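Trainee: I have a model open and want to walk through it with you. Shall we start with the ligand?

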Amino acid sequence: MIRNERAVIADSLWSATANRDVSFPALVGAHNADVAVIGAGFTGLSAALHLAETGASVVLIDAQHPGWGASGRNGGQINVGLKDGPQDILAKFGGDWGEKMIRMAGQAADLVFDLIARHGIECAATRPGWLRAAHTPKTLRQLHGLADQWDAHGGGMTKLDHNAMHRLSGTDAYLGGVIDHRGGVLHPLNYALGLAAACSRAGVAIFGDSPATGIAPIAGGYEVTTPSGHVQAAKVILATNAYSGDLTPALAQSVLPVRSVQVATAPLSDNLRRSILPEGNALSDARRLLLYFRLDADGRFLMGGRGTYNDRSTARQIAWLRKISVDLFPQLDGVDWQHGWGGFVALTRDHYPHLHEVKPGILAGLGYNGRGVAIATAMGRELAHWAAGADPAHLNYPTSPITPLPFSFARETLVEAEILRLRLLDKLGL
Ligand SMILES: Cc1cc2nc3c(=O)[nH]c(=O)nc-3n(C[C@H](O)[C@H](O)[C@H](O)COP(=O)(O)OP(=O)(O)OC[C@H]3O[C@@H](n4cnc5c(N)ncnc54)[C@H](O)[C@@H]3O)c2cc1C
């Protein structure tokens with residue numbers, strides 16, 4: 001169970017199968033560091049690790065524990081790239097930034113596998129490729145167009161027709177799509193806890209149960225306060241993503257937190273396993289409210305989708321995810337569904353992740369739009385370079401001013417309405 005979480009989204013497969021203890025001591029008394037990192041998901045863990053590797057002293061705190069947020073709850077699909085393809089990135093950001101962003105996003109999965117190998121992280125990581133499946137002729141054309149775009153930027157994807165997608169996915173529900181050979185799967189909580197262990201070995205002081213309650217300027221930096229202590233640091237990194245709260249209201253208001261939920265079966269029989277994603281790929285489809293599914297290392301089937309805020313409708317969605325799984329794979333009828341859980345993803349208005357300087361020396365990276373395993377790890381590294389003194393012009397991702405979303409006071413209602421609209425468009429196949 002995810003501790004201190006609402007019951008409807010707390011029954012996580014990853015918490016039930018974590019290979020390390022999630023308890024970390026709380027920060028007590030006075031601490032000093034070059035950099036204080038707030039939030040120990042992939043963004044904060046990667047930032048802390050890369051900073052410590054440069055010799056900086058780092059204190060990393062989390063309100064709960066490393067991996068408690070989206071990082072320890074996600075589908076474990078190592079997705080590649082940003083929402084836009086290379087052409088749109090170049091059109092929006094121009095040649096210099098565009099090329100850097102394309103390279104960074106295209107290589108983000110390499111960084112994940114490199115960290116796992118370098119730090120001996122046991123998280124069942126494999127790299128069979130990420131399937132992106134089209135449910136309409138229009139999305140098939142878009143996905144095949146994306147493969148062509150990547151071909152002009154080092155490649156990575158192969159187009160799949162209906163038969164090839166059927167063979168790799170085990171369902172003929174899709175017209176075809178692409179396989180992105182750069183992608184893969186892992187156990188997300190074990191990846192986060194493994195990064196935390198690597199941080200500790202590199203000298204990072206990690207504290208759990210330590211919510212930052214204030215950040216006040218002091219001579220030469222900031223003091224970050226928690227209920228039982230404080231950290232004085234020259235720089236602060238905010239890595240709180242969809243869980244950003246009152247600490248920095250403008251940051252919290254710059255993203256739309258939306259629930260994503262998942263269900264998982266008990267380990268399947270060998271026969272069933274061989275009939276679903278037989279080569280171990282992860283799959284996301286191209287619906288606006290996408291479905292994403294995979295098998296885990298023990299042969300459990302996992303299905304995920306976007307949810308809503310309301311607990312009753314989340315419970316209904318968990319039931320619906322089980323039903324849609326059986327619609328796609330009738331052989332799952334009658335299997336034992338053992339887990340149902342969820343967490344918040346952070347959506348941005350432009351669908352891009354953001355790097356911000358909240359105040360001089362307070363840096364933030366967030367807004368992965370539901371695709372953060374690889375890109376949050378990569379953004380953490382950029383934050384580390386920035387905090388270590390790199391000129392923002394030399395980073396691999398552009399910084400931008402914080403822009404609060406309009407009507408954030410009514411965001412739950414707006415999200416519910418938007419989800420209904422997207423569901424309708426998906427139903428109509430538009
Ligand atoms: C159900 C679900 C499925 C997903 N599936 C995928 C997938 O398959 N592939 C993929 O690439 N992405 C997926 N994502 C998205 C991905 O998990 C996120 O983009 C990524 O984990 C974000 O990492 P992060 O470190 O920025 O934030 P988080 O992991 O959310 O970490 C933020 C941390 O900040 C802490 N915090 C907040 N406020 C404070 C404070 N005041 N003081 C101290 N700590 C604080 C929280 O406790 C939390 O641990 C999914 C997300 C969800 C929820």
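Trainee: How far is a backbone N or O atom of Gly 69 from an oxygen atom of the ligand?
Mentor: Keep in mind that this is a predicted model. The atom on the Gly 69 side is a backbone N or O, and its partner is an oxygen of the ligand. The distance between them is 3.3 Å.

Trainee: Which residue has a backbone N or O atom 3.0 Å from an oxygen atom of the ligand?
Mentor: Look for a backbone atom again, not a side chain. The ligand atom is an oxygen, and the distance is 3.0 Å. The residue is Ala 70.

Trainee: Which side chain has an N or O atom 3.5 Å from a nitrogen atom of the ligand?
Mentor: Here the ligand offers a nitrogen. The cut-off for a polar contact is within 3.5 Å. The side chain at that distance, 3.5 Å, belongs to Asn 79.

Trainee: How much of the ligand's accessible area does the protein cover?
Mentor: Take the ligand on its own as the reference. Its accessible area is then 1000 Å². The protein covers 96%.

Trainee: Which element gives the largest share of the shell around the ligand?
Mentor: Helix H2 (42-53), strand S13 (256-265) and strand S17 (337-347) each give two or more residues to the shell. The largest share is 3 residues. It comes from S17.

Trainee: How many charged residues does the shell around the ligand have?
Mentor: There are 36 residues around the ligand, and among those that come nearest are Thr 43 and Asp 62. By class, the shell has 15 nonpolar and 18 polar residues. The charged residues number 3.

Trainee: Is Ala 264 buried or exposed?
Mentor: Ala 264 is found in strand S13. Its contacts beyond four places in sequence include Leu 13, Phe 301, Trp 337 and Trp 341. Buried requires under 20% relative accessible area. Ala 264 has 0%, so Ala 264 is buried.

Trainee: How far apart in space are Ala 264 and Phe 329?
Mentor: In sequence, 65 residues separate Ala 264 from Phe 329. In space, go from C-alpha to C-alpha. The distance is 14 Å.

Trainee: Why is the sulfur of Cys 199 not in a bond with the closest cysteine sulfur?
Mentor: The structure holds 0 disulfides. A disulfide needs sulfur atoms within 2.5 Å. The closest cysteine sulfur to that of Cys 199 is in Cys 123, and it is too far for a bond because the distance is 14 Å.

Trainee: What is the relative accessible area of Cys 123?
Mentor: Cys 123 is in no disulfide. Cys 199 counts as buried at 0% relative accessibility. Cys 123 is buried too, with a value of 2%.

Trainee: Which backbone oxygen does the side chain of Ser 244 reach?
Mentor: Ser 244 is found in the loop between strand S12 (229-238) and helix H7 (249-252). Its side chain joins that of Thr 240 in a polar contact of 2.7 Å. The side chain of Ser 244 also reaches a backbone oxygen at 2.7 Å, that of Asn 241.

Trainee: At what relative accessibility does Ser 244 count as buried?
Mentor: Ser 244 touches Leu 251, Ala 252 and Leu 366, leaving aside residues up to four places away in sequence. Buried means under 20%. Ser 244 meets that at 10%.

Trainee: Which helix holds Thr 314?
Mentor: Thr 314 counts as buried, at 0% relative accessibility. Beyond four places in sequence, it touches residues including Val 8, Ile 9 and Arg 259. The helix spans residues 311-328 and is H9.

Methods:
Residues are numbered from 1 along each chain as its sequence is written. This is a predicted model: local features need pLDDT of at least 70, side-chain atom pairs count only at pLDDT 80 or more; totals for chains, interfaces and linings use all residues. Side-chain values use heavy atoms; hydrogens and water are left out. A residue is near a molecule or strand if one of its heavy atoms lies within 4 Å of it. A polar contact is a pair of N or O atoms within 3.5 Å; within protein, one must be able to donate a hydrogen and the other to accept it, and residues adjacent in sequence count only if both atoms are side-chain atoms. Accessible areas come from the Shrake-Rupley method with a 1.4 Å probe; for residues, only the protein chains shown count as cover. Helices (H or I, at least four residues) and strands (E, at least two) are DSSP runs, numbered from the N terminus. Ala, Val, Leu, Ile, Met, Phe, Trp, Tyr, Cys and Pro count as nonpolar, Asp, Glu, Lys and Arg as charged, and the others, Gly among them, as polar. Buried means under 20% relative accessible area, exposed over 50%, partly exposed in between (1.4 Å probe, protein chains only). Contact means heavy atoms within 4.5 Å.
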